[in-house]
Amino acid sequence: SPKVPNPLGASIIAKTNTRPNLPKKKLKMEAIGVLMMCPMSAYLENELDKRFKLFRFWNQPQKEEFVKEKANSIRAIVGNASAGADAKLIDSLPGLEIVASYSVGLDKIDLGYCKEKGIRVSNTPDVLTEDVADLAIGLILATLRQICACDRYVRSGLWTKGDFKLTTKFSGKSVGIIGLGRIGLAVAHRAEAFGCPISYYTRSEKPDSKYKYYSNVIDLASNCQILVVACPLTKETRHIINREVIDALGPKGVLINIGRGPHVDEPELVSALVEGRLGGAGLDVFENEPEVPEQLFGLDNVVLLPHVGSGTVETRNAMADLVIGNLEAHFLGKPLLTPVV
């Protein structure tokens, strides 16, 4: 893959304050085996290849045989939101020391088992917050104002036959957010600029938050017009959006999911949208990516994106630098830049 240039400027570095100062000269780490689970970033792949002995897992036709052959050579895994490290893979790599996630999400990594085995885990928080929050607002606007349908309307020549139907406004609508972490807060701040009242649900109330707290998701959905999913994926949050929550949001409500696909009971969401029990949805993630329910394709009140929340050159390169920085810190015996375990 051609090398993707890194356009990060000093202003972005200062803003995130998380990008490591990478050494200009290659460290003598060429013998350290790093297993990259799937294609993620040409920039990340090239930089890993420069510094370590990189194994590309997706290029191995006989994966089990490959793991057995390289078991003692692999000391690090680089995963992402779709491929990480489960207990089986961890057990098959006796030399594994660290799992570095090219993502803020950790649901593809067996964190408990890593902790038990003394394997370090890192992720890439903060650097992707702004992009994901920006996209959430974009999804809200695109869904409510039917921007994608408007685009198709013009391209197909229908405008010459009459004006597009009226849509609905964003400004002033009540926004409920599931998960008030870094990304949830960034979404809230942006929505406030549109004059939107903000409420939220988390496992426990945030004592320093100025927003209205609801102790359960159904009450939150009943009291907002736009419901944004921005929480981590855990056993407790899997299918946190179910039929009851969807019905509480109602036929004029809009669901925005920038979290993970399994947060939503997808068959229930599809049926609610098709039957008109939910007003609309803006979805960046799906339960069985890259598979998307075909019933959604013909609905103008649904906006579908291919999991691109952090998908800008600037942010993806900053995430890659953080992965590399964590790996180098670990193998140099220094503290991880963004430790999880």
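**View 1. Strands 6 and 7 run side by side in this predicted model.** Here strand 6 (residues 175–178) teams up with strand 7 (residues 198–201). The two pair in the parallel sense, over four bridges. For a handy landmark, look for Ile 177, which sits opposite Tyr 200 in strand 7. If you want the background: strands of a sheet pair through backbone hydrogen bonds, either parallel or antiparallel.

**View 2. Stepping back shows the sheet that strands 6 and 7 belong to.** This is an open sheet of seven strands with parallel pairing, and the order reads 8-7-6-9-10-11-12. Which strands stand at the edges? They are strand 8 (212–213) and strand 12 (302–304). Each of these two has a single partner strand, so one side of each is left without a neighbour in the sheet.

**View 3. Helix 11 and what packs over its buried residues.** Helix 11 covers residues 266–275, and its buried residues are Glu 266, Leu 269, Val 270, Ser 271, Ala 272 and Leu 273. What lies over them? The cover includes helix 10 (243–249), along with strand 10 (254–257), strand 11 (280–283) and strand 12. Strands 10, 11 and 12 also turn up in the seven-strand order of View 2. Just past the end of the helix, check out Gly 276, which takes a positive phi of about 80°.

**View 4. Glu 45, a buried acid in helix 2.** Helix 2 spans residues 42–51, and Glu 45 is part of it. Is this side chain's residue buried or exposed? Glu 45 has a relative accessible area of 11%, which is under the 20% cut-off, so it counts as buried. Setting aside neighbours within four places in sequence, Glu 45 is in contact with Met 36, Leu 54, Arg 56 and Trp 58.

**View 5. The whole protein chain, to put the close-ups in place.** All told, the chain has twelve helices and twelve strands. Its radius of gyration is 22 Å, close to the 20 Å that the globule rule gives for 341 residues, so the chain is as compact as a globular protein of that length. The C-alpha atoms fill a box of roughly 65 × 50 × 40 Å along the principal axes. Of the 341 residues, 50% count as buried. Among contacts with a separation of 6 or more, 60% come from residues 24 or more positions apart. On the outside, the accessible surface comes to about 16,700 Å², and 52% of that belongs to carbon and sulfur atoms. As for charge, the mean positions of the 41 positive and 39 negative charges are 6 Å apart.

Definitions and conventions:
Residues are numbered from 1 along each chain as its sequence is written. This is a predicted model: local features need pLDDT of at least 70, side-chain atom pairs count only at pLDDT 80 or more; totals for chains, interfaces and linings use all residues. Side-chain values use heavy atoms; hydrogens and water are left out. The radius of gyration is taken over C-alpha atoms; the globule rule is 2.2 Å times the number of residues to the power 0.38. Buried means under 20% relative accessible area, exposed over 50%, partly exposed in between (1.4 Å probe, protein chains only). Contact means heavy atoms within 4.5 Å. Accessible areas come from the Shrake-Rupley method with a 1.4 Å probe; for residues, only the protein chains shown count as cover. Lys and Arg count as positive and Asp and Glu as negative; His and the chain ends are not counted. The place of a charge is taken as NZ of Lys, CZ of Arg, CG of Asp or CD of Glu. Two strands pair if DSSP finds at least two bridges between them.
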